[in-house]
Structure formats: structure tokens, C-alpha cells
Amino acid sequence: MTSIPKTPSRYRSRSDAKTPLTPSIISAFNSISISPQKRSHPADLSNPFITKSRQASPVKRATGGGVIVSDSFHRQAGGGVIRKGGIETRLDVVSRDYLPPTSQPRPELKRSRSTPATRERTQSTGDNRDRFITTREADDVAATLELMSLNPKTVSPGHTARLAAATGVPLNRRVLAYHEAPPASSSDSTLSQQRELARPLYGRPGELPSSTSSTTNKSRRIPTQPERVLDAPGMVDDFYLNLVSWSIQNVVAVALAESTYVWRADTGIVSHLSEAPEGTYVSSVDFSNDGAYLGIGLGTGEVELWDVEAGQKLRTMGGHQGQIAVLSWNAHILSSGCGDGSIWHHDVRVPRHKVMELLGHTGEVCGLKWRADGELLASGGNDNVVNIWDGRLGDVTEGARGQAKWTKRNHTAAVKAIAWCPWQSSLLASGGGTNDATVHVWNSGTGARLHSLKTPSQVTSIIWSPHKKEILTTHGYPTNAIMVHAYPSLERIAEIRDAHDSRVLYTAVGPAGDVVCTGAGDENLKFWRIWEGVGAKKKKEGKERSSSTRSGILSIR
């Protein structure tokens with residue numbers, strides 16, 4: 001006997017017959033007391049910032065009732081911009097982070113054949129960092145040890161004292177210290193012959209006839225010698241890294257292998273800020289917009305946040321699967337470029353720091369720069385691609401991703417040099433590596449390429465002059481030069497050939513916009529006065545030249 005299948009409940013028709021109420025049901029309804037109660041709405045699980053119970057940020061300062069919040073501050077907070085001045089100038093940074101689940105082992109990263117791995121090169125050149133400098137004066141060891149910053153947790157003071165006594169080298173004065181200028185490269189006949197033999201292999205249109213010459217336009221006189229040279233032992237010779245940053249408070253941060261140092265240009269004081277964990281190295285540094293915080297990228301994919309004035313680490317933000325070759329700040333957002341081609345936006349004010357991920361590169365991201373107004377972000381990578389991203393974060397949800405506004409593939413080598421024009425916000429300049437050696441200027445509004453300039457060697461960095469319509473570029477082998485070009489004609493104004501003994505890789509411009517700091521694999525930091533600051537008056541020949549920078553800064557002692 002076959003059974004008739006039942007009709008599913010969603011297809012059943014409602015019956016018109018009503019069930020009569022029994023006396024027991026009626027008495028139960030009468031006993032119910034109906035009173036208005038406040039309903040509790042469940043937390044919105046799609047928004048990570050709304051939870052049922054959330055602990056307050058441990059570093060966030062409590063505001064008392066005596067602080068008056070003005071209407072202008074309300075408007076600034078609503079617009080997402082906190083202006084400088086008053087109690088709201090410093091960021092409220094949390095120190096307890098969201099720990100993501102453990103991931104799988106990191107895959108091996110692909111690098112250019114011309115550049116070996118940074119970790120192997122750092123280990124192989126470890127002996128060179130401890131070279132003996134014969135020009136140092138043998139000071140009192142006891143006085144030197146008082147000035148040294150010893151960490152009793154990791155270093156034995158007795159061992160350090162014996163080491164300093166045996167070598168006779170005051171280690172704390174060897175880092176970012178003055179030293180005599182190296183001999184001219186022309187004095188080494190063997191090196192000159194090797195350069196002359198290799199020069200035709202790297203010859204490009206527009207290069208100078210000699211490998212040790214310099215040229216200056218008749219209308220401009222730029223000094224061909226640096227105003228100051230600092231010794232930076234352990235500086236890694238890696239094209240993809242970014243190891244120098246100059247803050248608005250006139251402080252220079254330099255990464256030397258596993259250590260990070262800060263040099264105050266006002267006083268010339270050098271202090272050791274941080275040490276990378278064992279087994280890794282510092283791959284990038286960048287100051288925040290107000291100069292109060294320093295972001296440090298590590299080879300393990302972590303980003304550290306440091307308070308420069310207090311010398312204290314505030315937090316460590318992890319999650320990347322490769323080294324952090326470049327960092328860039330925009331207010332409270334710290335963007336990091338990773339070796340796996342991803343770009344992350346970190347909000348330093350919240351525990352779950354990752355607020356957006358940008359995927360547009362297939363190679364290591366080595367160039368990254370926010371525009372001054374924070375509306376656009378430009379990036380360059382080892383895949384020869386330049387991307388321009390929309391700076392708006394949108395919905396702050398976990399796993400949010402952004403798409404590139406413009407993608408340019410005109411370069412034929414890795415793009416590390418990225419710079420926004422300070423006096424015309426729509427202009428973006430980018431420079432390519434050895435196989436390209438070309439500078440392109442883009443219109444970020446339309447995506448059009450406005451100008452192109454072929455250079456004699458790889459372009460390692462680009463700086464727009466804040467006071468003149470000029471562009472400064474630094475280059476690698478074989479010229480190792482600093483070049484200044486007029487804009488928009490791109491006519492060469494000046495060139496300093498062999499500015500370093502090796503390729504010029506790292507640059508930063510001072511807060512006054514007149515002095516440029518360059519770093520290279522020859523373990524030197526050099527300061528060049530390229531432009532005059534605002535309001536600087538020209539002096540007669542033989543008199544001291546005035547500058548917008550404070551008196552005594554960057555003067556040779």
C-alpha cells in the first residue's frame with residue numbers, strides 16, 4: 001500500500017478554521033503582565049568596532065571634565081583629520097594587539113638576480129662592520145663606558161669593557177660619527193682602469209665623458225662636496241630597502257643592519273633607538289607626519305611602532321608573509337609594502353590594526369608614498385608596475401581590499417623611486433632600475449604620461465624641490481651620481497658624479513627643504529646643500545652663506 005506524501009509546510013495553505021480558546025488558555029493570558037521593557041539589540045558582528053564588551057585602550061589617555069571640546073575640534077574629528085596644535089596632536093596608540101592565527105610557513109620570495117638576499121649579505125659582511133678605524137683617538141675606556149648604553153639583560157658590561165680595552169675603539173662614537181674624507185677615487189689607478197673598461201658596457205645617451213667629473217649650469221652653482229659626512233657602519237647595500245628618514249622635527253633615523261639609530265641635527269647627538277629581534281634585520285624606517293613616532297619594518301614581516309622622544313616601543317603589528325621593504329604614513333594610518341606584493345593599511349589606534357589590503361603587484365613592493373592631502377597613494381614594485389590607489393578606506397571591515405585607480409607598465413625594471421610634487425599635487429614622478437633608467441612624470445588625475453627622461457644609470461630615488469620647479473634624482477652604478485633637472489623642460493642643471501663610492505640608494509630631504517641626506521653601501525651618510533630655503537639671502541663671495549636651517553646645523557666641525 002502506497003503512502004501519500006505530505007505537503008511541505010512552506011506550501012501548505014492556511015486554514016480558515018479558528019481554534020477555539022479553552023478556559024485554561026484564557027486564564028493564562030489574563031495572568032500575563034505586559035509592561036514596556038528596554039530591548040537589547042545584539043552587537044553588529046559585521047563591524048569589528050562594535051562589540052558587547054570591549055576593553056578600553058590601555059594607552060588611551062582619559063580626558064577630564066576640565067577640557068573644553070570646541071566646535072572646530074568636532075568638525076575635525078567628524079572629517080577624519082586632527083590638525084596640529086592643542087591636546088589632540090599626538091596619536092592615541094594602543095599597545096595590545098590582535099594576534100592573528102598562526103599561518104603556514106612563508107614561501108620563498110623571488111628577488112632580482114642582480115641583488116642577493118639581504119640576510120645572506122648581512123651575515124657575510126658582518127666582519128666588515130667591525131673594521132678597525134685607525135684615525136680614532138684612544139680615549140679613556142672608563143669614560144667611554146659611562147657614555148655607552150648597556151643593556152644588562154642581553155650584554156655583559158664586563159665583556160664589553162674587555163672588548164673595548166682590547167680594540168681601543170669607542171664603539172658608541174663610531175656610529176654616525178665624523179671622519180676624514182676618503183681619498184679621491186682618481187688616486188686609485190686600478191679602480192680607475194676597471195671603470196674605464198666597464199664604462200662602455202653601461203654607456204647611455206647624455207652621460208659625462210669622464211667617470212669622475214661633475215657639471216654645473218652657468219645660472220646655478222651647487223656645491224660638489226658634502227657639508228657633512230657621518231660614518232654609518234653596517235648600512236646594507238640593497239636596492240629594495242629604504243633605510244633613511246628625516247622627520248619634521250629635524251631628526252634623522254638610520255637603520256644599520258639589526259640596529260636603528262636617531263641623529264638629532266640640532267645638537268648632533270646620536271642615540272640607539274631599537275634592536276631587531278635575533279635572526280632578523282631592519283628593512284625600512286619612516287617617521288610619522290608630526291615626527292613623534294617612527295615606524296620600523298623588519299625582515300620577518302612585522303612592523304614596530306616607536307615613540308621617538310621616550311625611546312619606547314609601543315606595539316608590534318604582524319601578519320605579513322615577507323620583508324617590509326617600504327613604509328609610508330598618512331595621519332594615523334601606516335601603510336607597509338611587503339615582499340609578497342601586498343600593501344596593508346595599519347590603523348595604529350585600534351588593536352586590530354589591519355583595516356585594508358591592496359593587491360596590485362606580483363613582485364616585491366619597494367616604492368610607496370602617500371600624497372600630502374591623503375587622497376591618493378602611489379606604489380612601485382619589482383614587477384615594473386606603478387599603481388595609484390584611492391586613499392579613502394571605505395568600510396572598515398576585516399578582509400577589505402582595494403583596487404588600483406591607475407596602473408602603469410611603461411617601466412622595464414623595478415620601480416623604487418616614487419615622489420609626489422609638493423607644489424602641484426596632480427604630478428607624480430617614478431624612476432626605473434638598471435634595465436630602464438628612465439624617469440616618467442604622470443598626471444594622477446587623468447593617468448596620462450606628461451614627460452620622460454632617460455638617465456645614464458638606474459634611478460634609486462626622486463625628490464621634488466619644495467621651493468623651485470626642479471627634480472633631484474640619485475643613481476647607481478656606474479655613475480653613483482646626484483642629478484638636478486629643471487621642470488618641465490627636464491634640462492640638466494647640475495650633476496655630482498661619484499657622490500658615493502657605491503650606488504646612492506637612500507635619500508631624505510630636511511624639514512627646511514634645502515639639504516638632502518644620501519646613504520649608500522660605502523657606509524657613509526652625506527649631507528648636500530642643493531637648494532636655498534625660503535627667505536635665504538645670497539651673500540657675497542667669501543662670506544658665510546645664510547640658510548633657513550637653524551644656525552650651527554650641518555656645519556662642519
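## Strands, hairpins and ring contacts in a predicted model

Over residues 497–530 the chain is 53% strand and 0% helix, and the C-alpha atoms at the two ends lie 14 Å apart. Please keep in mind that this is a predicted model. The stretch 497–530 is one of those that UniProt, in an unreviewed entry, lists as "repeat: WD". Below is a friendly tour of the repeats, one open sheet, a buried strand and some ring contacts.

**Annotated repeats**

- The UniProt record places the "repeat: WD" feature at residues 282–316, 358–390 and 497–530.
- Residues 358–390 are 58% strand and 0% helix, with 10 Å between the end C-alpha atoms.

**An open four-stranded sheet**

- Strands S7, S8, S9 and S10 make up an open sheet in the order S7-S8-S9-S10, and their pairing is antiparallel.
- Strand S7 (282–287) and strand S10 (312–317) each have a single partner strand, so these edge strands are left with one side that has no neighbour in the sheet.
- From one strand to the next, the twist averages 20°.
- S7 and strand S8 (residues 293–298) run antiparallel and are joined by 5 bridges.
- Ser284 has Gly297 in S8 as its bridge partner.

**Strand S22 and its two hairpins**

- Strand S22 covers residues 438–443, and 6 of its 6 residues are buried.
- On one side of S22 the buried residues are Thr438, His440 and Trp442, while Val439, Val441 and Asn443 are buried on the other, so both faces are covered.
- S21 pairs with S22 in the antiparallel sense over 5 bridges, and Ala429 stands opposite Val441 in S22.
- The hairpin of S21 and S22 has 5 residues between the strands, and Ala437 in its turn shows a positive phi of about 50°.
- S22 is also joined to strand S23 (residues 449–454) by 5 bridges, again running antiparallel, with His440 opposite Ser452 in S23.
- S22 and S23 form a hairpin with 5 residues between them, where Gly447 in the turn has a positive phi of about 80°.

**Aromatic pairs**

- There are 6 aromatic pairs in the structure.
- Trp246 and Phe527 form an edge-to-face pair, because their ring planes stand at 85°, with the ring centres 5.7 Å apart.
- Trp246 belongs to strand S3 (residues 244–246) and Phe527 to strand S30 (residues 524–529), so this pair ties together parts that are 281 residues apart in sequence.
- Both Trp246 and Phe527 are buried, and ring pairs link Trp246, Trp263 and Phe527 into a cluster.
- The rings of Trp423 and Tyr487 have centres 6.2 Å apart and planes at 55°, so their pair counts as tilted.
- Trp423 sits in the loop between strand S20 (415–420) and strand S21 (427–432), whereas Tyr487 sits in the loop between strand S26 (482–486) and strand S27 (492–496); the pair links distant parts of the chain, 64 residues apart.
- Trp423 has 27% relative accessibility and counts as partly exposed, while Tyr487, at 11%, counts as buried.

**Charges over rings**

- Lys354 has its charged end over the ring of Trp344, at 3.9 Å from the ring centre.
- Arg371 places its charged end over the ring of Trp420, at 5.5 Å from the ring centre.

Note on methods: Residues numbered from 1 in each chain as written. Predicted model: local features only at pLDDT ≥ 70, side-chain atom pairs only at ≥ 80, totals over all residues. Heavy atoms only, no water. Pairing = 2+ DSSP bridges. Axes fitted to C-alpha atoms, helices over the stretch in contact; angles between N-to-C directions. Phe/Tyr/Trp six-rings, centres within 6.5 Å; stacked < 30°, edge-to-face > 60°. Buried < 20%, exposed > 50% of the residue type's maximum accessible area, 1.4 Å probe, protein only. Lys NZ or Arg CZ within 6 Å of the ring centre and 35° of its normal. UniProt positions renumbered as here; feature names shortened; annotations may be inferred.
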